[in-house]
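Trainee: I would like a close look at a single strand in this model, with its partners, its surroundings and its place in the fold. Please take me through it in one connected account, and give the cut-offs as you go.

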Amino acid sequence: MVNIDSYLGKVELSYSYLSDLVRYTASGCFGVADLNAADRFHSFFRFLKGGAFNDKGVAVEMRNGKLYIAVHITVLYGTNISALSENLSHKIKYTIEDKTGLQVGKITVFVDGIKS
C-alpha cells in the first residue's frame, strides 16, 4: 500500500490499482500490441522482499517517496521503438502524477517482442 497524507486525511492506494492504471495507459498508446508478464520467479521474490508488485507486465515499487515503474511490452512491427518507449514513459508519468499526486522516480520500458 502507498500512503498519501493530505489536508483531507490519509489515503491508501494499492499497488494493484497503480499497476492497473499503468496497464490502462500503456494499452492505449499507439504501437503497443500487448503487455507481457515478466519472469514470475523474480517478480514474486521481489514482491516478498521489497513490496514491489508485478502483475501482467507492470511492476510498481515505492522507494524514498517516489514510484519506480517497469513495463514489459510487445510492439507492432514497423514502430519506432525509441520514440514509442519515450512517448509511453511520458504518458505513464503524466497519468500517474495527475491521477494520484505521487512523484514518479523512473519508468523502465522493456520491449520483449515484436508483433507483425
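Mentor: Ile73 has Val111 in β7 as its bridge partner, and Ile69 is likewise matched with Ile107 in β7. These pairs belong to the contact between β6 and β7, two parallel strands joined by 11 bridges, where strands count as paired if DSSP finds at least two bridges between them. The model is a predicted one, in which local features need pLDDT of at least 70 and side-chain atom pairs count only at pLDDT 80 or more, whereas totals for chains, interfaces and linings use all residues. Residues are numbered from 1 along each chain as its sequence is written, and side-chain values use heavy atoms, with hydrogens and water left out.

The strand at the centre of this account is β6, residues 66–76; elements are DSSP runs numbered from the N terminus, with helices (H or I) of at least four residues and strands (E) of at least two. Besides its parallel neighbour, β6 has antiparallel ones: 6 bridges link β5 to β6, with Met62 paired to Leu67 in β6, and 3 bridges link β3 to β6, with Val32 standing opposite Val75 in β6.

The connection from β5 to β6 is a hairpin with 2 residues between the strands. Asn64 lies in that loop and has a positive phi of about 55° although it is not a glycine. Asn64 is also exposed, at a relative accessible area of 80%, where exposed means over 50%, buried under 20% and partly exposed in between, with a 1.4 Å probe and protein chains only.

The strand itself has a contrasting setting, because 8 of the 11 residues of β6 are buried, so that β6 is largely enclosed by the rest of the structure. Ile69 and Ile73 are among the residues that touch the most other members of the largest nonpolar core, which has 26 residues; Leu18, Leu88, Ile92 and Ile96 are the others. Such a core is a set of buried Ala, Val, Leu, Ile, Met, Phe, Trp, Tyr and Cys residues joined through side-chain atoms within 4.5 Å. Two or more residues come to this core from each of β1, α1, β3, β5, β6, α3 and β7. In soluble globular proteins, nonpolar side chains tend to be buried together. Leu18 illustrates how this region is connected: leaving aside residues up to four places away in sequence, Leu18 touches Val2, Leu13, Val60, Leu67, Ile96, Thr100 and Leu102, a contact being heavy atoms within 4.5 Å.

In the wider fold, β6, α3 and β7 make a right-handed β-α-β unit; right-handed means that, with the strands pointing away from the viewer, the path from the first strand over the helix to the second runs clockwise. The whole protein has 3 helices and 7 strands, ordered along the sequence as β-β-α-β-α-β-β-β-α-β. Of its 116 residues, 38% are buried, and among contacts with a separation of 6 or more, 63% join residues 24 or more positions apart.
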